[in-house]
Amino acid sequence: MKAIVDHQKCTACGVCVDVCPFEAITLQETILEISDECTLCGMCVDTCEFGALSMPEVGSGPDVDLSAHRGIWVFAEWREGTVHKVSHELISAGRKLADKKGTDLSAVLLGHNLDPDLFQELIAHGADVVYAVDHPELAHFRDETYSQALAELARRKKPEILLAGATSMGRSFVPRVAALLRTGLTADCTELDMSDEGLLLQTRPAFGGNVMATIVCPHRRPQMATVRPKVMKTEKVPGHEGRVETVDLPESTFQSRVEVLEVLLETDQTAKLTEADVIVSGGRGLRKGENFTLIEEVAKLFKGAVGASRGAVEEGWMPPSHQVGQTGRTVAPNLYVAVGLAGAIQHVVGMQGSKIIVAVNKDPQAPIFDIATYGVVADLFEFVPALVKKIKQEQGLA
Amino acid sequence: MHIVVCIKQVPDTKNVRIDPDTHTLVRQGVESIVNPFDLFAVEAALKLKDVNEAKITVITMGPPQASEALRDVMSRGVDEAILLSDRAFAGSDTWATSTTLAAAVRKMGDVDLILCGKQAIDGDTAQVGPEMATLLDIPYATFVKAIDIPDTNHLKVSRQTDEGTEVWKIPKPCLLTVIKEVGEPRLPSLRHKMRAKKAQIPSWGIAELGLEPEEVGLSGSFTQVVRVFSPPVRDDRVIIEGTVAEQAEQLYNLLKEAKVPGI
Ligand SMILES: Cc1cc2nc3c(=O)[nH]c(=O)nc-3n(C[C@H](O)[C@H](O)[C@H](O)COP(=O)(O)OP(=O)(O)OC[C@H]3O[C@@H](n4cnc5c(N)ncnc54)[C@H](O)[C@@H]3O)c2cc1C
Ligand SMILES: Cc1cc2nc3c(=O)[nH]c(=O)nc-3n(C[C@H](O)[C@H](O)[C@H](O)COP(=O)(O)OP(=O)(O)OC[C@H]3O[C@@H](n4cnc5c(N)ncnc54)[C@H](O)[C@@H]3O)c2cc1C
């Protein structure tokens, strides 16, 4: 199989020839040809302004009764007695989709000794039903128990859409849920919408954020997606009412081959990068470890966390848990301040989802300026103290 | 112990960019590399082999030129390599990819441990490891940063979560996806380079794997990419000029306007 050319629409302009990463497209005189090198990556489709290129369809497989599936589900991530913020974000996003589709929205809470206040909070954000499974074997997260419980519930109640946060928990066990249910899963979405035919349009970054892809799951149910934290907005629905249903599942659901020996929570609050609203990161431009006190001071004024480039981590100035980027943490705070770091692509892929990016660098050509909302070309050792002074003045601290 | 490492050949994303005029992806002159996380998986396997009796087989699903990626990791000390290649595999989503990789593991039979990278830097889904383990009905652990062997039947692994570290005991056979903390990849050695260059790499297609065309590639996929496009360019960029005091003042005001917390 390969990309399909509509020769009626093709103008032989050749744009797609240069776009194909696999050099699978050639122009033979004025006829576009696609060779066996085509991997069906889809890159060419959107670049054709004449709509002449399309992808063949995924196989429909054995018949699945799509109409038997109804309602939108959000997995509410429970850890240490609280529900993760992303779950409330997804309830809010799910509410909009449910209203658009004219269907119900449910939240699923798995855990042990669940606090009823959490149910009410999910309802206040827009859930019509909260399914709660409370079992000692769910006290600690394990992929097997969590995926078996969620898959078993889904088999019984047949939702048409199932959403979960793209957290370390969601990205770990949700693929197993999808595999157990024999359905598709879209990873780390940043946008969700409903097509006119009622298909969930799942849009996500790929290639380290260099491209966006919209993905559908046409023939299987539920349509499943993990969604990146902090991209959807939370909104309470005033006066919203819902009900709670406690579900008992067979004991076999809670069996796991894995034994949890230890759970060590990171006590160092500053390392809680993925949760922070503001992150101030330093790079090799700081020249030595002691100078990170500058970064820490700014972070403190913003009540934020401290991040670092791999350059700074390799120098031993910051522990690896602070590293942002491809081989570190992926973050998307409201404000990301990059100080004395170049903005290498491997760093950028880990923070480009941030709402506001401030770059402080003395080199106006530094790649970090390409993605910065506010760029400050300056020597950090002069600028950062000036900024600290200004904030302190305004906060009445100086 | 037989360890299978799954590796993927990917475009080196640092050279992938969007042409600012045509808004299309430019990948000309972009090299193919071994997915960086998979080099960590290879290193984790080699470390286990350093202190235990072990055989390491590396597999990849990809076009014929993906055998270059296999030779790369063989030159670092991996024992054997198998290429999974067939026109029918084109267009695989993570489910179809997992189906193919799982079939290869089943065909090998005697596998104790499967190692994958945390994620591939092109598809970026991190789904193949967990889905493949589910298909093989073996337990798995993701985001693993350290592996110990407490007894002959189990592994003890530390995994990095958003909240901290978890230590799990997991029976073999199992699958682990690893992050960079498992160890910096060792460099190719001359001896292994020679061996890798000469190695005959078997290539398995659907016939060898006992799979039907409907089970693999686009036909066997559940998800469909309907649109690929360049991310919208940010047009709200401002360069702040002046003395540092003026710059600090301006930045402060802009952040205040944007209602940044803490200001
Ligand atoms: C497989 C792989 C994975 C990687 N993963 C990551 C990752 O997860 N995260 C990551 O960050 N990197 C990662 N890297 C490394 C990345 O390529 C860069 O090498 C690294 O980010 C550079 O760190 P830096 O910007 O601090 O240092 P440099 O590149 O040295 O940049 C220092 C910057 O500071 C500026 N500067 C210097 N002095 C001053 C001053 N007085 N005032 C203001 N500015 C000043 C300079 O102009 C320069 O732009 C990875 C690399 C590879 C190959
Ligand atoms: C733009 C775009 C977006 C996509 N989004 C989705 C999506 O949301 N959902 C979906 O199901 N599919 C998606 N796909 C398809 C997906 O990229 C492919 O199925 C790919 O073969 C595997 O996914 P990955 O690259 O994300 O690998 P990951 O799951 O991130 O890879 C994890 C590990 O699995 C192993 N591995 C992965 N691929 C191979 C291989 N070919 N050979 C050997 N080992 C391997 C490696 O150890 C790797 O480190 C998308 C494709 C494109 C082009």
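Let's start with a small detail: Leu84(B) has Trp204(B) as its bridge partner in strand E13(B). This is a predicted model, and that pair is a handy way into a sheet that takes in strands from chains A and B. From there, we'll look at the helices lying across the sheet and at two ligand sites.

**The sheet**
- Strands E7 (residues 80–84) and E13 of chain B pair in the parallel sense, over two bridges.
- They belong to an open sheet of ten strands with mixed pairing, in the order E17(A)-E11(B)-E10(B)-E9(B)-E12(B)-E8(B)-E1(B)-E6(B)-E7(B)-E13(B).
- The edges are taken by E17 (259–265) of chain A and E13 (203–204) of chain B; each has a single partner strand, so one side of each is left without a neighbour in the sheet.

**Helices across the strands**
- Helix H3 (residues 94–108) of chain B lies across E1, E6, E7, E8 and E13 of chain B, and runs at about 150° to E6(B).
- Helix H4 (residues 128–136) of chain B lies across E1, E8, E9 and E12 of that chain, at about 180° to E12(B).

**Ligand 2**
- Chains A and B both supply residues around ligand 2, so this site is shared between chains.
- There are 32 residues around ligand 2, and those that come nearest are Arg204(A), Cys6(B), Lys8(B), Asp38(B) and Thr125(B).
- By class, the shell has 14 nonpolar, twelve polar and six charged residues.
- An oxygen atom of the ligand sits 2.5 Å from an N or O atom in the side chain of Lys8(B), and an oxygen atom is 2.9 Å from a polar backbone atom of Val128(B).
- The protein covers 95% of the 940 Å² of accessible area that ligand 2 has on its own.
- Elements giving two or more residues to this shell include E11 (185–189) of chain A, along with E6, H3 and E8 of chain B.

**Ligand 1**
- Ligand 1 is also surrounded by residues from chains A and B, so its site is shared between chains.
- Of the 27 residues around ligand 1, Arg284(A), Ser309(A), Thr327(A), Ala342(A) and Asn361(A) come nearest.
- This shell has eight nonpolar, 13 polar and six charged residues.
- An oxygen atom of ligand 1 is 2.5 Å from an N or O atom in the Ser309(A) side chain, while a nitrogen atom of the ligand has a backbone N or O atom of Lys362(A) 3.2 Å away.
- Here the protein covers 79% of the 1000 Å² of accessible area that ligand 1 has on its own.
- Helices H8 (310–314), H9 (345–348) and H10 (380–394) of chain A are the elements that give two or more residues to the shell.

Definitions and conventions. Residues are numbered from 1 along each chain as its sequence is written. Chains are lettered from A and ligands numbered from 1 in the order in which they are written. This is a predicted model: local features need pLDDT of at least 70, side-chain atom pairs count only at pLDDT 80 or more; totals for chains, interfaces and linings use all residues. Side-chain values use heavy atoms; hydrogens and water are left out. Two strands pair if DSSP finds at least two bridges between them. Helices (H or I, at least four residues) and strands (E, at least two) are DSSP runs, numbered from the N terminus. Contact means heavy atoms within 4.5 Å. Axes are lines fitted to C-alpha atoms, for helices over the stretch in contact, and angles run from 0 to 180 degrees between N-to-C directions. A residue is near a molecule or strand if one of its heavy atoms lies within 4 Å of it. A polar contact is a pair of N or O atoms within 3.5 Å; within protein, one must be able to donate a hydrogen and the other to accept it, and residues adjacent in sequence count only if both atoms are side-chain atoms. Accessible areas come from the Shrake-Rupley method with a 1.4 Å probe; for residues, only the protein chains shown count as cover. Ala, Val, Leu, Ile, Met, Phe, Trp, Tyr, Cys and Pro count as nonpolar, Asp, Glu, Lys and Arg as charged, and the others, Gly among them, as polar.
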